[in-house]
Amino acid sequence: MTVLWLTLAECGDDGLAGALEARGLEVARWRAPDELPGDLRGVEAVVVQGAAEGSSGGSEREGSEQEGSEQEGSGPEGLAELLRAAREAELPMLALGPGGEGVGGAAGGEAFAERVAAGRHHAMTRAFFTPRAVGWEKKFPDDLPLYRAAVELLGLGDGDTALDAGCGTGRAVPLLREAVGPRGTVLGMDLTPAMLREAVRLGRAGRGGAGGASFLVADCLRLPLRDGVLRAVFAAGLLPHVPEPRQALRELARVTGEGGRLALFHPVGRAVLAKRHGRELGPDDLLAEPNLRPALEASGWRLTRYEDEEARFLVIAVREPLSGRR
Ligand SMILES: C[S@@+](CC[C@H](N)C(=O)[O-])C[C@H]1O[C@@H](n2cnc3c(N)ncnc32)[C@H](O)[C@@H]1O
């Protein structure tokens, strides 16, 4: 997977190439009049450097300069076609003007690079979970009492609003619905559409009295929710799959009201899970208490319960009063 970097005219890049490479993204360079790639296979983003404003790729000047000498597929038409295909594939695209403008300075370059890196991670997450969606819950059919006990610790009451973050097939939805009652709201959010399709197939969609959740495809790093709208967040098995878990904690805090609760849960402890995944449990693991406590505090949460036993991992944190924070 690469970022296709099309140079029409040499100009500054405001550190964009460096920002992409710093995130492990490979930059594949093309310069006129080289032959353009035949398709966008393996391309995850496109940068057009030296693009004149309003041009869809090659400028007229470049077109006329190359007239007669260009190979088929390398001229302005081939370029315009490639860019059209990139737009249709909804690839992140960026045009750099002759002075490097287009990125919006170093911060803009960082933001674009972050977006491309996040897109890659999303694709990997979906590729992993999509084939596992059907039958997801059959793997561990006896876990429901553990989910129930964790949901009970959220302290939800009638009419509250709760989010199941990284809800998968919505295993916790009936428990959250039970806790908030028919007047409450349950939201189920996941990055993998196939998981939510399975949740719907299992009858977990529905509002209020209908006894289910409203599902949304979203990234827990950028939730389409207003500040402070939630009373509680339930996140089972989510954080180990998120590239920037600290940012996830901040985003979950943003959408949770003062005094609201967060449950980070897994139906087995960290050591069992690490063994299951064939990896070592290092001291840097964010979910280890000495790392998690300060990470929660820095994100707007206060840790009130920490359990890491063979049979469950469970953390409860409370949203700090906003007045106490800067
Ligand atoms: C281990 S599964 C847990 C599913 C469910 N909570 C359960 O307990 O059965 C992790 C889920 O998190 C979702 N996920 C991973 N990264 C995410 C992200 N950045 N935003 C939202 N969901 C994400 C995955 O698609 C997957 O459904």
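**Exercise 1. Work out the strand order of the four-stranded open sheet, its pairing and its edges.**

Step 1. Fix what counts. This model is predicted: local features need pLDDT of at least 70, side-chain atom pairs count only at pLDDT 80 or more, and totals for chains, interfaces and linings use all residues. Residues are numbered from 1 along each chain as its sequence is written. Strands (E, at least two residues) and helices (H or I, at least four) are DSSP runs, numbered from the N terminus. Two strands pair if DSSP finds at least two bridges between them.

Step 2. Read the order. The four strands run β2-β1-β3-β4, with parallel pairing.

Step 3. Find the edges. β2 (26-31) and β4 (93-96) each have a single partner strand, so one side of each is left without a neighbour in the sheet.

Step 4. Check the twist. Neighbouring strands are turned by 20° against each other on average, direction ignored.

Step 5. Zoom in on one pair. β1 (residues 2-7) and β2 pair in the parallel sense over six bridges. Thr7 stands opposite Arg31 in β2.

**Exercise 2. Which peptide bond is cis, and which residue other than glycine has a positive phi? Place both.**

Step 1. The bond from Ala32 to Pro33 is cis, with omega near 5°. Pro33 sits in the loop between β2 and β3 (43-49).

Step 2. Glu90 has phi near 55°, a positive value in a residue other than glycine. Its loop lies between α3 (76-88) and β4.

**Exercise 3. Describe the seven-stranded open sheet.**

Step 1. The order is β7-β6-β5-β8-β9-β11-β10, and the pairing is mixed.

Step 2. β7 (214-217) and β10 (301-308) stand at the edges, each with a single partner strand, so one side of each has no neighbour in the sheet.

Step 3. The average turn between neighbouring strands is 15°, direction ignored.

Step 4. Take β5 (residues 161-165) and β6 (residues 185-190). They pair in the parallel sense over five bridges. Ala162 has Val186 in β6 as its bridge partner.

Step 5. Add a helix. α7 (residues 193-201) lies across β6 and β7, at about 165° to β7. Axes here are lines fitted to C-alpha atoms, for helices over the stretch in contact, and angles run from 0 to 180 degrees between N-to-C directions.

**Exercise 4. At what angle do α8 and α10 cross, and which residues meet?**

Step 1. The axes of α8 (residues 245-254) and α10 (residues 289-299) come within 8 Å and cross at roughly 45°. That makes α8 oblique to α10. Oblique is what remains after roughly parallel (under 35 degrees), roughly antiparallel (over 145) and roughly perpendicular (65 to 115).

Step 2. The crossing is right-handed: the near helix is turned clockwise from the far one by less than a right angle.

Step 3. Arg246, Leu249, Arg250 and Ala253 in α8 meet Ala295, Leu296 and Ser299 in α10. Contact requires C-beta atoms, placed from the backbone, within 7 Å.

Step 4. Sort by class: four nonpolar, one polar and two charged residues. Nonpolar covers Ala, Val, Leu, Ile, Met, Phe, Trp, Tyr, Cys and Pro; charged covers Asp, Glu, Lys and Arg; the others, Gly among them, are polar.

**Exercise 5. Which residues come nearest to the ligand?**

Step 1. Of the 18 residues around the ligand, Gly166, Gly168, Thr192, Ala236 and Gly237 come nearest. The cut-off is a C-beta atom, placed from the backbone, within 6 Å.

Step 2. The shell has nine nonpolar, six polar and three charged residues.

Technical notes: Two residues are in contact if their C-beta atoms, placed from the backbone, lie within 7 Å.
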